[in-house]
Amino acid sequence: MSVNIILLGPPGAGKGTQAGLLTKSRGMVQLSTGDMLREAQASGSEMGKIVAEVMAKGQLVTDEIVIGLIREKLAQGGSGFIFDGFPRTLAQADALGALLAEMGQGLHAAIELQVNDEVLVDRIVGRAEEARAAGKPVRADDNAESLKTRLMAYYKQTSPLVGYYHAKGLLKGVDGLAPIDDVAAQIDALLG
Ligand code: AMP
């Protein structure tokens with residue numbers, strides 16, 4: 001059976017961490033539009049140049065660009081996808097539904113990682129400090145100013161997806177404040 005899931009939640013909720021664990025434990029395929037956009041930037045492609053400023057500010061890049069990235073990945077075939085950081089708007093959610101339907105597939109669940117804002121700020125500031133200490137590059141958008149914009153983008157543009165997937169009977173919530181392994185266990189239980 002092909003199980004495709006979405007991880008929903010604000011920046012810093014742990015979507016990337018949990019997606020990484022699921023790729024190891026279940027051999028699922030992580031599709032992170034944030035990672036794809038950062039790769040495009042690093043490669044110096046035209047698209048990377050176009051999105052760099054928008055991302056650094058913490059705003060969403062256009063639906064057209066991210067839907068195009070996901071379309072390209074899905075065109076390579078496969079199943080067992082974890083959509084991490086996508087969809088982020090209702091238009092993206094509709095597009096994802098249509099792309100999966102074209103492949104004869106659907107969504108198994110949209111898993112919301114529930115957290116609170118104070119924790120997010122601490123986690124993101126912590127992520128930047130850890131990277132600095134390890135001599136690794138710090139994400140250009142991991143700073144207080146763009147975090148504010150990213151949170152606002154989440155509440156305005158992405159949080160309506162909670163209702164959208166609830167209406168489709170696909171929404172599942174997990175406690176994103178629990179330790180990483182406990183969150184992973186909650187997700188594992190949901191996936192059966
Ligand atoms: P992330 O790594 O998921 O936190 O994404 C980092 C940044 O990439 C976001 O703040 C947006 O600027 C951009 N981005 C990633 N995914 C999307 C998406 N699905 N729609 C629009 N912008 C996105």
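**Exercise 1. The ligand and its polar contacts**

Task: In this predicted model, how far is a nitrogen atom of the ligand from an N or O atom in the side chain of Q92? Then look for oxygen atoms of the ligand that sit by the side chains of R38 and R139.

Solution:
- Step 1. Start with Q92: an N or O atom of its side chain lies 2.9 Å from a nitrogen atom of the ligand. The cut-off for a polar contact is 3.5 Å, so this pair counts.
- Step 2. Move on to R38, where an N or O atom of the side chain is 2.9 Å from an oxygen atom of the ligand.
- Step 3. Now take R139: here an oxygen atom of the ligand and an N or O atom of the side chain are 3.1 Å apart.
- Step 4. Check how covered the ligand is. On its own it would expose 480 Å², and the protein buries 96% of that.

**Exercise 2. Who stands around the ligand?**

Task: How many residues surround the ligand, and which helix gives the most to this shell?

Solution:
- Step 1. Count the neighbours: you should get 16 residues, and the closest are T33, R38, Q59, R88 and Q92.
- Step 2. Sort the shell by class, and you find 6 nonpolar, 5 polar and 5 charged residues.
- Step 3. See where they come from: helix α2, residues 33-43, gives the most, with 4 residues.

**Exercise 3. Rings that pair up**

Task: What kind of aromatic pair do F83 and F86 form, and what kind do Y164 and Y165 form?

Solution:
- Step 1. Know what to look at. A pair of aromatic rings is described by the distance of the centres and the angle of the planes.
- Step 2. Count the pairs: there are 4 aromatic pairs. One of them is F83 with F86, at 6.5 Å centre to centre and 50 degrees between the planes, and it is tilted.
- Step 3. Ask how covered these two are. The cut-off for buried is under 20% relative accessible area. F83 has 0% relative accessibility, so it is buried; F86 has 1%, so it is buried too.
- Step 4. Compare with Y164 and Y165: their ring centres are 4.8 Å apart and the planes stand at 80 degrees, so this pair is edge-to-face. Both tyrosines are buried.
- Step 5. Follow the links: ring pairs join F81, F83 and F86 into a cluster.
- Step 6. Look at the bond after F86. The peptide bond from F86 to P87 is cis, with omega near -5 degrees, and P87 sits in the loop between β3 (81-84) and α5 (90-102).

**Exercise 4. Strand β4 and its partners**

Task: Why is strand β4 described as largely enclosed by the rest of the structure, and in which sense does it pair with β1 and β5?

Solution:
- Step 1. Go along β4, residues 109-114. Of its 6 residues, 5 are buried, so the strand is largely enclosed by the rest of the structure.
- Step 2. Take β1 (residues 5-8): it pairs with β4 in the parallel sense over 4 bridges. In this pairing, I5 has A109 of β4 as its bridge partner.
- Step 3. Turn to β5 (residues 171-175), which pairs with β4 over 5 bridges, again in the parallel sense. Here L113 stands opposite V174 of β5.

**Exercise 5. Far in sequence, but how far in space?**

Task: How far apart are R71 and L96 in space, C-alpha to C-alpha, and is R71 buried or partly exposed?

Solution:
- Step 1. Find R71 in helix α4, residues 63-75.
- Step 2. Go to L96: the two are 25 residues apart in sequence, with 8.5 Å between their C-alpha atoms.
- Step 3. Read off the cover: R71 has a relative accessible area of 47%, so it is partly exposed.

Key
Residues numbered from 1 in each chain as written. Predicted model: local features only at pLDDT ≥ 70, side-chain atom pairs only at ≥ 80, totals over all residues. Heavy atoms only, no water. Polar contact = N/O pair within 3.5 Å; in protein donor to acceptor, adjacent residues only side chain to side chain. Areas by Shrake-Rupley, 256 points an atom, 1.4 Å probe, with all protein chains shown as cover. Helix = DSSP H or I, 4+ residues; strand = E, 2+ residues; numbered from the N terminus. Nonpolar A, V, L, I, M, F, W, Y, C, P; charged D, E, K, R; others polar. Phe/Tyr/Trp six-rings, centres within 6.5 Å; stacked < 30°, edge-to-face > 60°. Buried < 20%, exposed > 50% of the residue type's maximum accessible area, 1.4 Å probe, protein only. Pairing = 2+ DSSP bridges.
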